[in-house]
Amino acid sequence: MGIEPDSDGFFCIRRNALLIYYYFGTVLMQKPSFDLEGIIMKNIAFLLITFNLWITSLGVQAASLSMAFDADPVSLDPHEQLSEATLQLSHLVFDPLLRRNQSGIFEPRLASHWEQINPLTLRVYLREGVRFHSGNMLSADDIIFTILRLKRSPDFRAMFNAIAGVKKIDALTVDISMHQQTPLILNILTYVFPMDSAFYKGRDAIVKFGETFASKNMSGTGPYILTQREPGVELIFKRFHKYWDHESKGNVDTIKFTPIRSDSTRLAALLSGDVDFIHPISPIDIPRIKRSPDIKFVSMPSTRILLLHMNQARRIEFRDQRVREAINLAINQSLIVEKILKGFGKAAGQLSVEQFSGHVKEIKPKYNLEKAKQLMKNAGYGEGFRISMMAPNNRYVNDEKISQAVVAMLAKINISVELKTLPKAQYFQEFDNRSADLMMIGWQSDTNDSNNLFEFLIACTDQNTGLGAYNASSYCNAKIDDRIRAANIEMNAERRTQLLQEIEIILEEESAIVPLLWQSLSWGAKQNFKIENIVNERNFPYLGDLVVE
Amino acid sequence: MFRFLIRRFIQALIVMIVISIISFLVQGRLGDPVHQMVGQSVTLEERKQIRDELGLNDSLFDQYIRFAKKAVRGDLGVSYYYKEPALDVILRKLPATLELSFSAIVLIIIIAIPCGVIAAIKPKSILARTLMFFSTIGLSVPIFIIAIFLVYFFSVEWQIAPSFGRGETEVIFSFWETGFTTWDGIKHLFLPSLSLALALMPLFVRLIRSEMMEVLQSEYIKFAWAKGLSPMRIYFIHALKNTLLPIITVAGIQTGTLVAYTILTETIFQWPGMGFLFWDAISRVDTPLISAYLMVVGAMFVITNTLVDLIYGLVNPTVRLSSHGL
């Protein structure tokens, strides 16, 4: 907490004392005769003293950071689970080949640059002089090792199936070949956090429920070394002093990461000064945090969409487009955002968030109760009907309250909803079984692209390809599936955007689903922690670059 | 005495078997552990395969037999999340919980006994009425609200006590991680132990008061007054000693409540003990850890109740274990 003197600073003072001693030593012991060596030594010593004093005064003061997030990584193996906590850890201890900056532009990290040498091959040039924590140097072999391992990981292979193979060109160059043209190859490469192949070799098994070498040991190139871990209690990181990125202004030397599950405890920890940086903040606490002059609040819309699936296989009523449209019109997304999320979210009329290429500006969330009632009457359901609904109660921000609001809104068009909310551990089992007529789901696109949303949530369910795995509506439209496939190999950005936007337009026309909202991410920190520069919409704070004043 | 212990041991075994069966029946309803461990893009097929590897698709009976066979050898399974034997994880967290409970009990003793006695001696005084008023509030307000108030005032507003965690700890006797030896550790203990104590204190204040009032009416106290003994001696030696018997019984039964409240307190204060571990294990559907916790807590119940029965005999020698139907 706060700023402490750098241990190096102390070392510098001792070194200066030695040099001063040496300087005066040579002056006093100088023989009267001409002594070239003595004079040179004396002057060098003098220069060194001045230089050292200058460096010490210039040196940025190292700071320590104590942070509390809601979850800690399940394992130290970066490939065991594709989750936010694992990726947050990866950004601390490992480095990606490339990453997105705050405006969404790719930023070279371990890959210094890259080029498409033919439609199916991407050449990646690695940065020189990058060292792993073990002392090994980063080379092409590590990239090959890592990508092959990702292809073996149950969680990551769905994404890495697009990559056919990796070939070493020289020590710092690799060719990545693809099965077919892959417009999202760079998005996929943001998940490549090179692992130290010499360190892990022969003990690189990925096991979900069990202890492995990789789940307990790490060697990456990242800005921090994990020095201590007690699962569920704390993780302690120390800065890696041979980190390659000398341009980074980050000055945090030690990080103490504490997972705190309860929202109120986490907030109290920040307000009482026990921690410096927290995430997330519950919407009802936002006014409280804004009242504190010493605390800053940073919020950013995320890309996670919250939606409802209307199961057409379970309910004949949902096969009528008029009913689906009536439900869409009866639910007032803006009101939910305003009243339940206190404005910390964005009402959605489609799946793709603004920064995704599939986003269609013209599609806005619509609310028209009169028209909804009319549509219900036209469809022959003026008297309404009863349906069941399920939602999680600890997965998304205020998920239970949002589902209760939906129930109240649907009551206005005479649809009486029997709602059951469950903890996430039980909910997703029910979701897999499609246990209710109306089911809530949130989805964050791993590739930061619309097509990932469509593939999992909208595509016709296909057990073999895994497409439509989370499509709980049984909605199936060949026109959409064709476009999903086409967009997967379309290299022309403009045509690809058009394909994705067409999907959104069809979804809106047919009222296939009920988009609700995009959640906002929120962080709180003490004023002197410049977190606003290092947080991003995926919630992978680049703590290596964090500046503390 | 020896026969008593043997009988207790057999009873304990039966209790443990019942607990293990119940904990197993509950598991099926907690959710799917595999879903907690995989990312969103893992297919149903692959998840089924992982479940097969873990033996989760076998019948509950087969799973129970497998579990019981290992449990007999002291192996309660490997935690999914900690990737270590569940029993080791729990035993590592045990000191934190025991230290928290111990501090709470100490607080209860040093606060509840004087308060109860004072309230009994002068039941109509303002002090006694105030005490009774607060004990009513304490009984009716849930612990998490009290805890949140404590955190709000002591940590957020006045910033005199840390709001979460155990602080600095030291390892003593090479296995016991203690927070008692450092000032930071004691500071961290303050709020959690106070709120845990406040949850149970009102009951004891009221109990001591009513028992004490009854005892003060008895003949031998009147005789003691007549003998001219000092009031302190009458209240705190003669009267208090005879009110202790029912209180010890209630205290033994309240161990269960104490364990239940440690789960709440530890969750609120992020106290890295067994209760917090259990709470976390439920949300992660870490079934081996859940069963192991229930078994350990069950064992602790049996042990404390045995101890209570033994103390019984010490406090009141007229109570003989054999006549106790034990």
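**View 1. A buried cysteine in chain B of a predicted model.** At 17% relative accessibility, B:Cys115 counts as buried, because buried means under 20% relative accessible area. Please keep in mind, here and in the views that follow, that this is a predicted model.

**View 2. The disulfide between A:Cys460 and A:Cys476.** Welcome to a bond that has no counterpart elsewhere in the model: over all chains, the structure holds one disulfide. Its partners are A:Cys460 and A:Cys476, with 2.0 Å from S to S. Both cysteines lie in the loop between helix H15 (450-457) and helix H16 (478-489) of chain A, so the pair ties together parts that are 16 residues apart in sequence. The torsion about the S-S bond is about 95°, so this disulfide is right-handed.

**View 3. The two ends of the disulfide, one buried and one exposed.** Which of these cysteines is buried, A:Cys460 or A:Cys476? A:Cys460 has a relative accessible area of 12% and is buried, because the limit for buried is under 20%. A:Cys476, on the other hand, counts as exposed at 51% relative accessibility, because exposed means over 50%.

**View 4. A cluster of aromatic rings in chain A.** Take a moment to find the six side chains here: ring pairs link A:Tyr427, A:Phe428, A:Phe431, A:Trp443, A:Phe456 and A:Tyr470 into a cluster. Over all chains, the structure holds 29 aromatic pairs.

**View 5. An edge-to-face pair in chain B.** A pair of aromatic rings is described by the distance of the centres and the angle of the planes. For B:Phe133 and B:Phe134, the centres are 5.5 Å apart and the planes make an angle of 75°, an edge-to-face arrangement. Are these two residues buried or exposed? Both B:Phe133 and B:Phe134 are exposed.

**View 6. Arginines over aromatic rings.** In chain A, the charged end of A:Arg203 sits over the ring of A:Phe199, at 5.6 Å from the ring centre. In chain B, the ring belongs to B:Tyr81, and the charged end of B:Arg284 sits over it, 3.6 Å from its centre.

**View 7. Chain A as the setting for the close-ups.** Stepping back, chain A has 17 helices and 17 strands. Of its 549 residues, 57% count as buried. Chain A exposes about 23,200 Å², and carbon and sulfur atoms supply 53% of that area. When contacts between residues at least 6 apart in sequence are considered, 70% of those in chain A join residues at least 24 apart.

Methods:
Residues numbered from 1 in each chain as written. Chains lettered and ligands numbered in written order. Predicted model: local features only at pLDDT ≥ 70, side-chain atom pairs only at ≥ 80, totals over all residues. Heavy atoms only, no water. Helix = DSSP H or I, 4+ residues; strand = E, 2+ residues; numbered from the N terminus. Buried < 20%, exposed > 50% of the residue type's maximum accessible area, 1.4 Å probe, protein only. Contact = heavy atoms within 4.5 Å. Areas by Shrake-Rupley, 256 points an atom, 1.4 Å probe, with all protein chains shown as cover. Phe/Tyr/Trp six-rings, centres within 6.5 Å; stacked < 30°, edge-to-face > 60°. Lys NZ or Arg CZ within 6 Å of the ring centre and 35° of its normal. Disulfide = S-S within 2.5 Å.
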